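Work through the exercises below with the model open. Each task is followed by a solution in steps.

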Amino acid sequence: MKRVKHLIFWLVVIGIILLLFSSHVIAEDMFRQQRQALVDVIKYDVLRTRDFLNQEALDDRVLDALRKVPRHEFVPDDQRPYAYQNRPLPIGYGQTISQPYIVAVMTDLLKLKKNDRTLEIGTGSGYQAAILAELADSVYSIEIVEPLAKQAATNLKRAGYDAVHTRTGDGYYGWEEAAPFDGIVVTAVASHIPPPLIKQLKPGGRMIIPVGAPFMTQYLVLVSKDTDEKVTTRQILPVSFVPLTGKH
Amino acid sequence: MMKPRLSMLAAVAIISASALAYEVLLMRLFSIIQWHHFAYMMISMALLGYGVSGVFLALNRDRLAPLFPVAIMTNMLLFSLSVPACFLLAQQIPFNPAEILWTPVQLLYLCGIYLILALPFFFAANVVGLSLYQYKNQVSSIYASDLFGAGLGSVGVIFLLFILFPEQILTVLTLSGILAALLVSSYTFRASKHWTTVSLIIALAVIFIPTEWMTLKVSPYKSLNQLLHVPGTKIIDRYSSPLGSISIVKSELTPLRHAPGLSLNAATEPPEQLAVFTDADNMSAITRYDGNPETLGYLDQTTSALPYHLKQLTGILILGAGTGSDILQADYHAIKHIDAVELNPLVIDLIQRKYAAFAGDIYFGAPINIHIGEARGYLASSDKTYDLINLSLLDAFGASAAGLYSMAENYLYTEQAIEEYLHHVSPDGYLSITRWIKIPPRDEPKLLATVINALKKTGVREPGRQIIMIRGWQTSTLIVKNGALSADEISRLKQFCDERSFDPVYYPGISEGEVNRFNIQQQPYLYQAAAALLGDNSPAFIDAYKFNIEPATDDKPYLFHFFKWRTLPEILPLLRSGGSFLLESGYLLLIAALLQAILASLLLIALPLWLCKAKLGIEADSKNHLHMPVYFFCLGLAFLFIEIAFIQKFILVLHHPLYAIAVMLSTFLLSAGAGSYFSTHLSHSPEKYAFMLPIAAIALLSTGYSLGFEVIAGFLLKTGHLSRYLYSIILIMPLGFCMGMPFPMALAKISQTTPALIPWAWGINGCASVISAILATLIAMQFGFTVLIFLAVALYGVAAWCFPE
């Protein structure tokens, strides 16, 4: 009798462990499916905005990164159920995490290569840095709001992006020791483009800046420095709206 | 016949004054903790508390009438308590308008705020409604005190906002409500001492309540709160004014570096700055200036610096001087004489006194003359001319870009305003206007269309020969020259743009190849707009454009109203993929507010009419049950239509929007109060159609004023400042006086035939007023103020036809 009880006890324990383990697997699987669905939504949106982006589709590597990075690890617990909806989410301290479609477009516009060096101003929750880390070898990210910076460092570590260099502080002067960069993302709102950042951009490098109020990206500014160090900007409307009097 | 005592009338006036002050105050409070447009929506819905009160009283009148003293005192005390309590409760609701598209629960939050804020108005309306019913034979006195009170409240709250912080005024309103209760308990009813004791206890509690309860809970997404998360930042000063609550923020560790529109080629950064926030948003900066112009080099790297490079300028005028960046820019270019105009005296005071040393005494001595006032008012009273008149970025980027200003009147950017500016530009001088870049472009083409029309009206045959426009990635500057542009100016313009990586948008003789080189847009939208608007097909272009870019005029002063219904179907599917900024939401929110108000009013008016006819006291065969609601509804609509239209028209003459609104509104209400008081004489007249008299007078006066407004304005503008106000008051008084009569006259009639309907009529009038305020703005945006006035006259006509029998 005692042995039977013992057996039942162990069976229950193993059952619980299996359940816990499988629930984790099931959850992971569910998140993976949601990420895939999100990528499909983004692909569709990109197709609709191809005229503005000057391309039919985003780079497969960018889409792969979106499929891989667990966005739910980068949002507050109460926002997790919405982590894979194509919408901006609040992350506390009056900051938001951009809409995944905007993140995808911004990342794609940087045209990153594997051994590129990238800088992000405004780490936020760390999601954009994680996406960059999937595409380029070195990622540097600066956040000025202390608690956010700490949270982002934890998020990145937990999701396995230990290689991302993070720093708490003022991003205006970029990251001098690691400069120059092939790509720079400025997610923190600035009244103007900091001249030191333009300086830290490599010839041929690109910088991307979303412009707008919280929860509302109005347009993207792509700053390019050509090989002669001539700097130009491109203003990109991230939706498929045909302005002026154009036909639909 | 029961007559209300003077104490009773005074108490009604106090409650009305407090309720109106509360309405204005809520608008201020919500503009600080949230955003202006949602504030408008919440408060217009909350005012439906008046409508609810009408229905509540209509259904419970017989139960409440015997308890009149208790009922009225209870409502006064409840009003007092709910004034702070409801606001504090409402600000606890985590409503975030920006998330409304994504999170449906936000709509629930919004409804919660409506319900909570409606309570104080419900209690205040109960006080007036109950009194109207109680003193049925003296309705005109009660209504007169209601209007008198409202008139005093409208001026009083502006005065209070100068001396107290908005959250402190909540306490003042509570105390005034208690004062009203004490007045009636001691003098009108000589009630038991308990009432006095309770009132005094509440008053003491309110005075000594811990102040942290009254702290404003500002949305975390407002830029002030976002900046405060940066280490080393703190608010070092706070000021209150009816034009906005101002916070000064010092950042000790990280420099602010506020320099919007800076060229990509700029190498210098701004000196130390203090941030100035208006209503926790709209950041501008006070810049440290040590007298060395070299430190201001960054100001020469913006599009607005262009006019200084076209030729040597001597005397210039800066409209909207604010915290002084345009003045510093002029100083950098060694301008010998600067006149600057700023509306908000508080901002001037900051730079002139408190932070004078920090700002390098820029508002003192030569070359600057600073004037407090409104831009057009200043120009109307001056015959000076300038080499340059400059208007730069008077609104903050965030609000401007999100379409939130659409319903705000703005007399700075209308055809008539441009004509006025050009009139003060010396021959070969410039008018320069800098705006934020928007994609797709909206205000820039609209401004361009407005400028071109203004030039044509002043007799310029080829406006294209006098216009220059350039753009960076963030801002654009439009320059209108008083004369044809020379080849030398054009070559200087090209050099200016080349050195700073700005793109020319338009100059006489421009070619398409030059317009999209540095800041590349999908298409050179602005160049295309300029070419089209200057060409022969301008009307067709404006018509086909997806946003409303029809020139703004003084009759339709809505530069920021870009919404076109035709474009809506195209935008709707884009909302969830991030296209909400295309929506120009200000206008749609106004429509949403109107729909809500209509729906709620239907519930409050039509439903009771249908379900509880008998209980309301309507006799089955009476014609009154249809005529009466129509009469009071039309009155409610028409009263505010006329009031709003004339206040707006007189802003143009009186110039200062704030004082103009305060003076005109109180004149309307006080004279309407007097009219109401006088109306008993007409009501008692044996003449059956005596009610037609005031209505005919209203029609005559408002049509006359409206048609002859140019003559009136022309005359008033020539008189002095004080006499302008005086004449305006004299003009408005007879109109207000007559407008105060139709309501009490009809009530007096009803009190003889079916007094049971009085509370209901009061409720209908309340609902109509809410709808009216919103509808008036929508009509003005679409058709202009003149049409609004004629509509009001028509409504008075309908009312006359439906006068209760």
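**Exercise 1. A hairpin in chain A**

Task: How many residues lie between β8(A) and β9(A) in their hairpin, and which residue in the turn has a positive phi?

Solution. This is a predicted model.
- Step 1: count the turn. The hairpin of β8(A) and β9(A) has 5 residues between its strands.
- Step 2: check the backbone. Glu229(A), in the turn, has a positive phi of about 70°.
- Step 3: check the pairing. The two strands are antiparallel and share 6 bridges. Strand β9 of chain A covers residues 231-236.
- Step 4: find a facing pair. Val231(A) in β9(A) sits opposite Lys225(A).

**Exercise 2. The other partner of β8(A)**

Task: In what sense do β7(A) and β8(A) run, and how many bridges join them?

Solution.
- Step 1: β7(A), residues 201-213, runs antiparallel to β8(A), with 8 bridges joining them.
- Step 2: these strands also form a hairpin, with 2 residues between them. Phe215(A) is in that turn and has a positive phi of about 70°.
- Step 3: Met216(A) in β8(A) faces Ala213(A).
- Step 4: now look at cover. β8(A) spans residues 216-225, and 10 of its 10 residues are buried.

As background, strands of a sheet pair through backbone hydrogen bonds, in either the parallel or the antiparallel sense.

**Exercise 3. Classifying ring pairs**

Task: Why is the pair Phe74(A) and Tyr127(A) edge-to-face?

Solution.
- Step 1: start with the search. Over all chains, 31 aromatic pairs are found.
- Step 2: apply the geometry. The ring centres of Phe74(A) and Tyr127(A) are 6.0 Å apart and the planes meet at 65°, so the pair is edge-to-face. The cut-offs are centres within 6.5 Å and planes over 60 degrees apart.
- Step 3: place the residues. Phe74(A) is in the loop between α3 and β1 of chain A, and Tyr127(A) is in helix α5 (residues 127-135). They are 53 residues apart, so the pair links distant parts of the chain.
- Step 4: check exposure. Phe74(A) is buried at 1% relative accessible area. Tyr127(A) is buried at 2%.

Task: Is Phe122(B) buried or exposed, and what kind of pair does it form with Phe56(B)?

Solution.
- Step 1: the pair of Phe56(B) and Phe122(B) is edge-to-face, with 5.3 Å between centres and 65° between planes.
- Step 2: Phe56(B) belongs to helix α3 (residues 49-64) of chain B, and Phe122(B) to helix α5 (residues 105-134). The separation is 66 residues.
- Step 3: Phe122(B) is buried, at 15% relative accessible area. Phe56(B) has 34% and counts as partly exposed.

**Exercise 4. Charges over rings**

Task: Which residues lie over the faces of Phe547(B) and Phe709(B)?

Solution.
- Step 1: Arg442(B) lies over Phe547(B), 4.9 Å from the ring centre.
- Step 2: Lys649(B) lies over Phe709(B), at 4.9 Å from the ring centre.

**Exercise 5. A sheet in chain B**

Task: What is the strand order of the open sheet, and which strands are its edges?

Solution.
- Step 1: the 4 strands run in the order β1-β2-β3-β4 (chain B), with antiparallel pairing.
- Step 2: β1 (233-239) and β4 (281-287) of chain B are the edges, each pairing on one side only.
- Step 3: the twist from one strand to the next averages 30°.
- Step 4: β3(B), residues 273-278, joins β4(B) through 5 bridges. Gln273(B) has Thr287(B) in β4(B) as its bridge partner.

Methods:
Residues are numbered from 1 along each chain as its sequence is written. Chains are lettered from A and ligands numbered from 1 in the order in which they are written. This is a predicted model: local features need pLDDT of at least 70, side-chain atom pairs count only at pLDDT 80 or more; totals for chains, interfaces and linings use all residues. Side-chain values use heavy atoms; hydrogens and water are left out. Buried means under 20% relative accessible area, exposed over 50%, partly exposed in between (1.4 Å probe, protein chains only). Two strands pair if DSSP finds at least two bridges between them. Rings of Phe, Tyr and Trp (its six-membered ring) pair if their centres lie within 6.5 Å; planes under 30 degrees apart count as stacked, over 60 as edge-to-face and the rest as tilted. A charge sits over a ring if NZ of Lys or CZ of Arg is within 6 Å of the ring centre and within 35 degrees of the ring normal. Axes are lines fitted to C-alpha atoms, for helices over the stretch in contact, and angles run from 0 to 180 degrees between N-to-C directions.
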